[in-house]
Amino acid sequence: MAQEEEIRYFVRIGTTDLDGTKSVRVALTGIKGVGRHTSTVISRMAGVDEYAKLGLMDEESVNRIRAAVEKYAGSIPQWMANRPKDLYTGETKHLIGGDVALARDEDINMMRKIRCYKGIRHETGQKVRGQRTKSTGRTGMTVGVKKTKEGGQ
C-alpha cells in the first residue's frame, strides 16, 4: 500500500500532462508526435526502464526523460522524423506537442492558397484522400429520395 500513496498521477513533460499510472512506453505516447516506436527510443536514450510506471519514478529519471524528449529530434536518422522535408526550410524536423497541429494547419492553408486539388477539397469539406463519395460523407444533406403522392394532381 505504500507504493499506492507515493504515485504521481500526472507527470508534466513538455507541455503535456502524462498519466502516471501507465508505463513509460505507453505514457509517452500521450505527447502529440510521439508514437510507440518513438517512445521506446526516448526511454532508451534516457536510460530508464520502459516498462516501469511513470508515476513511481524519481524526479531525476523524469528529468532525464524530459531532456531526451527535447534532444530527440537532433539524434535520430532522417527516416525516423515525422517531417522529413519541411515545406519552407527543406530541413528534417521532428515536431512534438502543439507544433504538430500548427504545421498541419499551415500545410492545409498553403494547399488552399495555391488552389491545388487537395486544398479545394479541404475548403469544400469533401473527402481528400480519394475515398468514394457516392454513398458516404453526406453530412448536412437529406439522404434518400422522397416519394410524391400520386392522387393529388
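How do the residues of the lining of the largest pocket divide into nonpolar, polar and charged, and what is the count of each? In the predicted model analysed here, the lining of this pocket comprises six nonpolar, two polar and five charged residues. The volume of the largest pocket is about 310 Å³. Its lining is formed by 13 residues, of which Arg104, Asp107, Ile108, Met111 and Arg129 are the closest to the pocket centre. Two elements give two or more residues to this lining, namely helix H5 (98–113) and helix H6 (117–124). The greatest contribution is that of H5, which gives six residues.

The two helices that contribute to this lining also pack against each other. The axes of H5 and H6 cross at roughly 105° and come within 7 Å. Because angles of 65 to 115 degrees count as roughly perpendicular, H5 and H6 are described as roughly perpendicular to each other. On the H5 side, the contact is made by Ile108, Met111 and Arg112, and on the H6 side by Lys118, Gly119, His122 and Glu123. By class, the residues of this contact comprise two nonpolar, two polar and three charged. Ile108 and Met111 thus appear in the contact of H5 with H6 and also among the residues closest to the centre of the largest pocket.

A second pocket was also examined. The second largest pocket has a volume of about 230 Å³. It is lined by 15 residues, and those nearest its centre are Gly14, Val69, Glu70, Ile96 and Gly97. At least two residues of this lining are supplied by H4, and at least two by H5. H4 provides the largest share, with three residues. The lining of the second largest pocket consists of six nonpolar, six polar and three charged residues.

H4 also takes part in a helix pair with H3. Helix H3 (residues 36–46) packs on helix H4 (residues 59–71) at an angle of about 120°, and the two axes are 8 Å apart. This angle makes H3 oblique to H4. The crossing in which H3 passes H4 is right-handed. From H3, the residues Ile42, Met45 and Ala46 meet Arg64, Ile65, Ala68, Val69 and Lys71 of H4. The residues of this contact divide into six nonpolar and two charged, with no polar residue. Val69 of H4 takes part in the contact with H3 and is also one of the residues that lie nearest the centre of the second largest pocket.

Notes:
Residues are numbered from 1 along each chain as its sequence is written. This is a predicted model: local features need pLDDT of at least 70, side-chain atom pairs count only at pLDDT 80 or more; totals for chains, interfaces and linings use all residues. Side-chain values use heavy atoms; hydrogens and water are left out. Axes are lines fitted to C-alpha atoms, for helices over the stretch in contact, and angles run from 0 to 180 degrees between N-to-C directions. Helices (H or I, at least four residues) and strands (E, at least two) are DSSP runs, numbered from the N terminus. Angles under 35 degrees count as roughly parallel, over 145 as roughly antiparallel, 65 to 115 as roughly perpendicular and the rest as oblique. A crossing is left-handed if the near helix is turned anticlockwise from the far one by less than a right angle, and right-handed if clockwise. Contact means heavy atoms within 4.5 Å. Ala, Val, Leu, Ile, Met, Phe, Trp, Tyr, Cys and Pro count as nonpolar, Asp, Glu, Lys and Arg as charged, and the others, Gly among them, as polar. On a 1 Å grid over the protein atoms alone, a cavity is a set of points where a 1.4 Å probe fits but cannot get out, and a pocket is an open set with protein on both sides within 12 Å along at least five of seven lines; lining residues have an atom within 4 Å of a point. Grid points are joined across faces, edges and corners, and a volume is the space filled by probe spheres set on the points.
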